Amino acid sequence: MRQTWDFHGGIHPPENKTQSTQQSIRKAGIPQYLYLPLSQHIGQPAAPVVAIGQQVKKGDMIAEAVGPVSVPVHAPTSGTVIAIEDHQVPHPSGLTDSCIVIETDGLDEWKECIPCENYEELEPAEILERVRQAGIAGLGGAGFPTAIKLHPPRNDKVNSLILNAAECEPYITADDMLMRERAHEVIGGLEIMAFILQPEECLIGIEDNKPEAVAALREAAKDTQIEIVVIPTKYPSGGEKQLIKILTGLEVPNGHIPADIGVMCQNVGTSAAVYRAIRHGEPLVSRITTVTGEAVEQPANFETLLGTPLSFLLNQAGFNAAKASRVLMGGPMMGFALTSTDIPVVKTTNCLLAATQKEFPEPPPEQPCIRCGMCAEACPAELLPQQLFWFAKAQEFEKAEMHNLFDCIECGACSYVCPSSIPLVQYYRYSKSQIRIARLDQEKSDKARERFEFRQTRLQREQEEKEAKRKARAEAAAKAQAARAAEAQAAEDPKKAAVAEAVKRAQAKRQQQAAPEVDLAELESNVQKAKDKLTKVEASLQQAEAEQSDMAEKLRNAVAKNRDRLAFAEQALADARKQSSDTSTTASSASLPAQDSEQLQRSIKRQEDKIATLQNAINDTRNSDPDRANQLQPTLDKSLARLAELKAALGATAPDTPEEQAGPDLEQLQSQVDKAKDKLAMMQGMLEEAQAEDPVDDAKVSKLTRAVEKNHERLAAAEKSLKNAKQQAQQIPGQAKSSPEELEALRNNIDKARDKLVMMQGMLEEAQAESPTDESKIAKLTRAVEKNQERLKAAETAYQNAGGESVDIVN
Amino acid sequence: MALLQITSPHLRGTNRTASVMQWVLLATLPGFVALIWFFGWGVLINVAWAVLLAIGAEATVLRLRKRPVMFYLSDYSALVTAVLLGLALPPFTPWWVTAVGVLFAIVISKQLYGGLGSNPFNPAMVGYALLLVSFPVEMTTHWATPSTLAVQPDFLQTLTYIFTGGGVNIDGVTMATPLDTYKHQVDILTREELTQLPVFGQHVALGWEWVNLGFLAGGLALLWRKIITWHIPVSMLLSLTACSLIIGWDPDQYTPVSIHLLSGATMLGAFFIATDPVTAATSRLGKLYYGAGIGILVYIIRTWGGYPDAVAFAVLLMNFAAPFLDHYTKPRTYGHRKAHRGIKKAD
C-alpha cells in the first residue's frame, strides 16, 4: 500500500452520485443545430477556417488555433456551416461569444481519420502536435490546452504523472462512468502521456466511493506500471493541489505550478481524449456529461456532441422545467447557475444539474458571523475564512491579501459549513475583483505618471536639443538661411531681408568683392516684391471692406506697414543706385559685365519674383490651409535653389574685381557705409513698427531707440572712414597697397565681428518672435548682441587706427 | 422556468447558529442540574429570571435599533448569555442584582457594540464582573450551603427571598465556597486540617466536584458535536494544572490542583465561557495561547488576587489580547513556506 497524506479541512457533503450511475453511458443524439464557441479553452480563441454554407464532415477542423496557447475546434458531426455569429455561451454572466453554427445532416459522416497502431514509433513532439491538432483542452473544468500542459516550461522533469480520478464533487459521475466503461481508453491515454513525459511514477488518484471504476481500472492497468491509489472520499480531494498533497505529500508552492515540483495532474476525460486522438486519429468532438438532479426524470451520463444545446441534452434525460428551480453547469459546490438553457455543451461541461426547490432551497438570510471557526476547520487551503470575511465586509482588502486571500480556491467548503449562512465565497470573489480593479487602476495611474514624467523629460531634452540645434544651426542658418529664406521673405520683412543681405554680402565679399549690381538687383526685386505684396494686401483690404469684415482694420494696418516697407525698399534701391553709379566711376571695369550677367540678373529677378509670389501664397495659405502651404513649400525650395544657382553663375560671369588703386578699400568702405545705412533704416523701421504695434512696451522701444542712435553713430563712423580712405586713395593712388595684409586682417576681423553680430541679432529676433515669454533667453541674447556690438566697434576702431597709421607711415 | 441566480456553492450544510446555541444550552444541563441539586432552587430561579430579562432587553434594544426582532432573537445567543450568567450567580442573589448584571451584559456589552458577533468582550462575563466589583458581599459570601450539609429552603421560600429579601435567614443557608475557604484558611490550618472541613466533603469539594464534572461532560458533548474545538479548554486546563503543580506544589501553602480543577467555575469557564467564539482568538495556535493565558490568569488571581474565583476577569483580560493573538498566529496557508505573522505586509 502506498502512503497517502491528508490535506487540512475538507467536508463530506451528501454525495448524490448513485442517481446518475444506474444506466450506462447513453448517446445524446444529434440535435438539429450545433453551436460551437471559438473559445472553449483557456487562451486565444480559435479562428474560423470555414465559410458560411460550407459542408463539413465529422471531425473536420472548423476553427484553427491562434498562437501557442490555443486549440482548434472541429465539427462534431457532418452538416453545413450556416452562421458564424455571437451566441450565448456557458458563463456565469450569460455572456455571448462568437460561435460557429452547424446545421446537422443526421448522417454523422466521419472525415478520414489516420489511426496510429503504435504511438511509440512517433516522436514525442509529433504526439504533442497531434494532441494539439485534436483540439484537446483539460476536460476536468479549466480547459487549459493539454499539449501545452504536457510540455512543461523550462523542461521541468515530471516525476509523478497523476491522473485525477477523484471526482469529489457531489452529483457528478462523468469520470466515474467513463472509467467503468472505457477504462482501457483512460489507461491508454495515460500511457501515451507517460511516453511523452517519461515520469518516474504514474498514479491514478481515485476516491473510495467508486469501487466499480477502481476495479475496471485495475483490470485495464494490470500489465502496466500504473499505480491506482484509492483515497478517502472527502471534498475537495479532486482539487489539483489537494490531490497532489494526498498522493505525494508535496505542496505546490504559492505562485507556482505543479510541474515546478515535478508533478503533473491530468483529468481522466482528457486522458481518454488523448488516447482517441492518437490511437484513432479522432479529434475531440464529444464528451461525457452527467445530467442529473431531481428535475430530470432519468438522470444519466450522456456522450454529447460538443455544441449541443443544453435544452436538447436536458430533454434527453426527461427534463421537467416546471420542477426546476436552478440549472447548474458543473457540480453543486463550484458550478454556476445558468441564465438560460439555450447554450451549448463545451469541452469543459462535465455536469448539468437540474435541481428542484426542495433539493437546493434558497439560502436562509445571512446572520452575523460568530467567528465559530468552522470555516477555518473546513478550509483546504488553511486560510482563516472568518477573518477574510471581516476584511471583505470592512473593505480592508490589504489585510485580506495579507491573509492570503488569493490562495482561496473558491471550493465553497467554508460556505457549506457556515452556521450563519454567510455566502463567504461571494465575499471572497468580491474582494478579489476589487483588488484586481484596484491593481489595474494602480497600473493605469503608474503608467500615466510614467508617461507624464517621460513627457516632462522629453520636453526638457527637446528643449535642450532645440537649444543646441539652434546654436549649431545659427551658424549654418546665418549663411544658408540668409541665402534662402531671407531673400524670399525680404519683401514682407525688410528687417530679415536686411539681415540676410548683410550676411550674404559678407560671405560674397569674403569670396570676392561682389558686384554692386547684385545688391542693386536684389534691392530692385525687393521693391518689386514689396509692391506686389502691397497690391495684394490692398486687394484683400478692398475685399474685406466690401464684406465689412473684421479683418478690414487689421488689413488697413498691414497696408500702411507695407507702404512703409515699400518706401524703405525704394529708398534703399535709390541709395544703392546712387552708390553704384559712384562706385562705377571709381571702378569702371566692374560696371562692364558681359551681357551674360545682365541676362542672368534678369533671370534672377524673375526667379525672385516667382519666389516672392510663392512665399506670399504660402504665407496666405499657411493659416487657412496648412496642407496647401506644405505643398507649395517644395516649389519654393526649388526656386530658391535655382536662384542660388543663378547667383552663383552670375558671380562666375562677373569679372574679378580689379585689384587696382584703392579699389578694395574704397569699395569695402563704401559697402560698409551702405550696410550701416541699411541697418539704420532697418532699425528705424523696427523702431517705428515697435512704437506702432506695441506702444506700451517701453523697454523694447527704448532699446530700439538706442540701437538706432548707435547705428547713426556707426554710419557716421563708416562714412568718415570712407571719406578718409577716398582722400588717401586720391593722395597716394599707387601706395595704398603698402600695408594691405595688415589692413586685410583687420578688416576681416571687422567682417567677422559684424557677421557674428548680425547672426546674434537674427537669433534675438527669432527668439523674440518665437518665444516672447522666454525672458531669460531674450535677455541672454540681448546681452550677447551688445557684447558683439562692442567687439565690432573695437574691431572698427582698430582698423581705423591701422588705416591712420598706415597713412601716417606713408606720409 | 425561472432559473435562480445564485453563485456557488449551491449546497449548504445543515449547521445553523441557532442549533449551535441550542447545543450549548443543552450541554449546560448536567452541570445545571448538579448546581440545583447541591445548591437549591435559587440557581433555577436565577437562570429563569436572567433569561426573561435578557430576552426582554434584547427585544427592546433590537426594536430601538430598528432590527428584525424575531430574526435575531431566534439565534438564541441572548439566551446563552443569560444562562451562563445565571449559572455563575450565587443561589440567593437578589433579583435586582441579577437584573443589573443581565441588562448590562445584553444592552451595554452586546447590543451597543452592534449585537451578536460584534462584541469584543464576553457579555456574560462583563455582567458578572460588574456585579462582582459592585456588590462584592452579595456575590462572594452568600453562596448556598450544599444541600447535604443543611436543609435548603424550598422553591417558594427561595423565590420570596430573591424577590423580597424576606422569608429566609440568609446566614443559616449560606457559607463560603471551597476556593474561598482554602485560600483564607491555608495560613492557619494544615492541609489535613483543611480537608477535614465539611466544605471539602469526602472527595475534593463538596458538591462542586459534581458540578464541575457535569460541565466537563457537557463540554465533551460540545467537542463531540464539533461546536467547539479542543484547543481552548485543553490549554486552559493544562496551564492551570501546570501552575498549580509547579507553583502550588505544597498544599500546606497553596490550594491544591484538585480543588483548582474541580471547584469554582473552572469547567464552566473552560468549556462554556472561554470558548465563546465571538470574543476568543480564532486561529488554532491563537486559541492555544488564549486558553493558556486564561489558565495562568485564573491561577494568579485565585492565588494572589482579592477574589476567590477568577474566570470572569481572566477571560475578559484575554479578550483584550485576542485580536493581537490572531495577528501573530495565522496558520500557514497551503503552498506557503511559513505563516505570515503580524500586521506588516508580506514581502
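**Two chains, asked and answered**

Colleague: Pro236(A) is found in the loop between strand 11 (227-231) and helix 5 (240-248) of chain A. What makes a run of residues a helix or a strand?

Modeller: Both are DSSP runs, numbered from the N terminus: helices are H or I with at least four residues, strands are E with at least two. By that rule chain A has 21 helices and 17 strands, while chain B comes to 18 helices and zero strands. This is a predicted model, where local features need pLDDT of at least 70 and side-chain atom pairs count only at pLDDT 80 or more, though totals for chains, interfaces and linings use all residues. Residues are numbered from 1 along each chain as its sequence is written, and chains are lettered from A and ligands numbered from 1 in the order in which they are written.

Colleague: Back to Pro236(A): what kind of peptide bond runs to Pro236(A) from Tyr235(A)?

Modeller: A cis one, with omega near 0 degrees. Chain B has a cis bond as well, joining Ser8(B) and Pro9(B), with omega about -5 degrees. Pro9(B) sits in the segment before helix 1 (17-27) of chain B. Most peptide bonds are trans, and most residues other than glycine have a negative phi.

Colleague: What sign does phi have at Glu167(A), and why does Glu167(A) count as buried or exposed?

Modeller: Phi is positive, about 40 degrees, although Glu167(A) is not a glycine. Glu167(A) lies in the loop between strand 9 (160-165) and helix 3 of chain A. A residue is buried if 20 or more other C-beta atoms, placed from the backbone, lie within 10 Å of its own, exposed if 12 or fewer, and partly exposed in between. Glu167(A) has 31 such neighbours, so it is buried.

Colleague: And why does Lys66(B) count as buried or exposed?

Modeller: Lys66(B) has 7 C-beta neighbours inside 10 Å, so it counts as exposed. Lys66(B) also has a positive phi, about 55 degrees, without being a glycine. You'll find Lys66(B) in the loop between helix 3 (42-64) and helix 4 (69-73) of chain B. Chain by chain, buried residues make up 48% of the 811 residues in chain A and 54% of the 347 residues in chain B.

Colleague: How do you know that helix 7 (residues 123-134) of chain B is close to its expected reach?

Modeller: The expected span is 1.5 Å times one less than the number of residues. Helix 7 of chain B has 12 residues, for which 16 Å is expected, and it reaches 16 Å from its first C-alpha to its last. Its buried residues include Pro123(B), Met125(B) and Tyr128(B). Among the elements covering them are helix 5 (77-88) and helix 18 (311-328) of chain B.

Colleague: What makes strand 2 (33-37) and strand 4 (55-56) of chain A edge strands?

Modeller: Two strands pair if DSSP finds at least two bridges between them. Four strands of chain A form an open sheet in the order 2-8-7-4, with antiparallel pairing. Strands 2 and 4 each have a single partner strand, so one side of each is left without a neighbour in the sheet. Strand 4 of chain A is joined to strand 7 (residues 79-88) by two bridges, and Gln55(A) has Thr80(A) as its bridge partner.

Colleague: Which order does the six-strand open sheet of chain A have?

Modeller: That order is 1-14-13-17-15-16, with mixed pairing. Strand 1 (26-27) and strand 16 (336-337) of chain A stand at the edges, each with a single partner strand, so each has one side without a neighbour in the sheet.

Colleague: How many residues of chain B are in contact with chain A, and what makes a contact?

Modeller: Two residues are in contact if their C-beta atoms, placed from the backbone, lie within 7 Å. By that test 36 residues of chain B touch 53 residues of chain A.

Colleague: Where in chain A is the pLDDT below 50?

Modeller: pLDDT is the predictor's confidence in each residue, from 0 to 100. Chain A averages 82, and 86% of the residues score at least 70. Over residues 586-594 of chain A, though, the pLDDT is below 50, and residues 733-738 of chain A stay under 50 too. Where pLDDT is low, the predicted coordinates should not be read in detail.
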